[in-house]
Amino acid sequence: MAVFQAFRALRPAPEAAERVAALPYDVVSREEARRIGEMNPDSFLHVDRAEMDLPADIDLYDGRVYEKARENLRRMEADKILVQDEKPCFYIYELTRKGKTQTGIAGCCSIDDYINGVIKKHELTREDKEQDRIRHVDVCDANTGPIFLACRYPQPLLELIEGWKKKTAPVYDFLADDQVTHRVWVIDGKEETEKIAEEFRGISSIYIADGHHRAASAVKVGLKRREEHPGFTGKEEFNFFLSVVFPFDQLNILPYNRVVKDLNGLEEKAFLASLKFNYELMLMPGFPCKPVEKHCVGMYVGGCWYHLKAWEDIYQKKDVVGQLDVSLLQEKVLSPVLGIGDPRTDRRIRFVGGCHKLSELQTMADETGGVAFAMYPTSMEDLMQIADEGKLMPPKSTWFEPKLRSGLFIHKLETERTNCGAEV
């Protein structure tokens, strides 16, 4: 059963929350981070992308980057931009985008639940990205970005959240630049915090929605601290990592689209002909094609949009992973026709989150004479089934929107080490 505990969040002073809150480090480019940092000295990107405050040519994995992140975090705390709560609390985190709201609880999950499979994965991680976040967490002595989790919420937990929201005012309530409204309530009542922990003890599975690298890194830092503190009791903060857990049926998965820069040496007619073995093609003149059901793909090539519908015999006998549209596209088109053998490393393919307009895909394809694919989004039900079966999705299968903001909650590990910046 799941362990989910309250913690003493280091978090923005109410008047600073909007300035501090930042998009996750991995959806902001180096150039974007620098521009944001120049305009906003309180942006949490100064911690999560600390290279913005160093020479422009510095390597992202240089030890000075992690030292700067720690320095910036300490400065924000010393300047009272960030203030730590005096007692452990849970936090309601509500995000509203385009009229749709998702409401979760911020707290700390156990690294043992990640190890024993209560917290379930559906993606592989890359070693270089893990090492980056391991060093970041270790040097900062804190989980600076929450892991985005989901589960089947018990009804009493939903009722507790709604009851607390009705009787208390949010400590944060602001509209971000991307038109997402963020609200946070502090749950500091002893009865309520005990009830939340009790309800989570009845939950058998929690799923990583977004943040696989952050989760893996947080766990590895926790295990490393255990080795450094052989007398650990299991109650130390390094045994837990920062998370926000949402009801799975409130989440919004957008498609993760693909753009390939060329046709792998094929003429356009030959490329189109190759698709007919696996898809029914229909020309869609005059407007972008957004797929509206599973096993359908919108495709742009040569100035035209097409609707692709997979023939039933190519997926009907496959398992849940094989039936994903991203799996079918990789197996039937990207690999054999376009020569994209490993989409994780091939520089000919770009992955574009579903928050971008289809017209942007069209522009990208036109720039290089390539082809764009507009995907149908993966469902939460498929994600959870894949995780339950211990299987993995292809890379870039899901794009969750809205993104959780970093900087609204920081979990201090409180076991600071003296060799900060060392390789781990």
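I started with R152: its charged end sits over the ring of F248, 5.6 Å from the ring centre. The rule I used is that a charge sits over a ring if NZ of Lys or CZ of Arg is within 6 Å of the ring centre and within 35 degrees of the ring normal. I found K403 over the face of W399 too, at 4.0 Å from the ring centre.

Note to self: this is a predicted model, where local features need pLDDT of at least 70 and side-chain atom pairs count only at pLDDT 80 or more, while totals for chains, interfaces and linings use all residues. Residues are numbered from 1 along each chain as its sequence is written, and side-chain values use heavy atoms, with hydrogens and water left out.

**Ring pairs**

Next I looked up aromatic pairs and got eleven in the structure. Rings of Phe, Tyr and Trp (its six-membered ring) pair if their centres lie within 6.5 Å; planes under 30 degrees apart count as stacked, over 60 as edge-to-face and the rest as tilted. F4 and F200 have ring centres 4.4 Å apart and planes at 45°, so I wrote the pair down as tilted. F4 belongs to strand β1 (residues 4-5) and F200 to helix α8 (residues 190-201), 196 residues apart. Helices (H or I, at least four residues) and strands (E, at least two) are DSSP runs, numbered from the N terminus.

Are these two rings buried or exposed? F4 is buried at 3% relative accessible area, and F200 is buried at 0%. Here buried means under 20% relative accessible area, exposed over 50%, and partly exposed in between (1.4 Å probe, protein chains only). I also noted that ring pairs link F4, F90, Y153 and F200 into a cluster.

Then I checked Y256 and F351, an edge-to-face pair at 6.3 Å centre to centre with 80° between the planes. Y256 lies in strand β14 and F351 in strand β18, so the pair ties together parts 95 residues apart in sequence. Y256 is buried at 11%, whereas F351 is partly exposed at 22%.

**The six-stranded sheet**

Those two strands led me to an open, antiparallel sheet of six strands, in the order β15-β17-β16-β19-β14-β18. Two strands pair if DSSP finds at least two bridges between them. Which strands stand at the edges? They are β15 (279-284) and β18 (349-353), each with a single partner strand, so one side of each has no neighbour in the sheet. Six bridges join β15 to β17 (residues 304-310), and M282 stands opposite H307 in β17.

I looked for helices lying across this sheet as well. Helix α10 (residues 268-275) lies across β15, β16 (296-301), β17 and β19 (371-374), at about 175° to β16. Helix α11 (residues 325-334) runs at about 95° to β15. Contact means heavy atoms within 4.5 Å, and the angles run from 0 to 180 degrees between N-to-C directions, with axes fitted to C-alpha atoms, for helices over the stretch in contact.

**Strand β10**

My last stop was β10 (residues 181-187), where six of the seven residues are buried, so the strand is largely enclosed by the rest of the structure. Strand β4 (residues 90-97) pairs with β10 in the antiparallel sense over seven bridges, and W185 is the bridge partner of I92. Strand β9 (residues 172-175) also pairs antiparallel with β10, over four bridges, with F174 opposite H182. β9 and β10 form a hairpin with five residues between them, and Q179 in the turn has a positive phi of about 65°.
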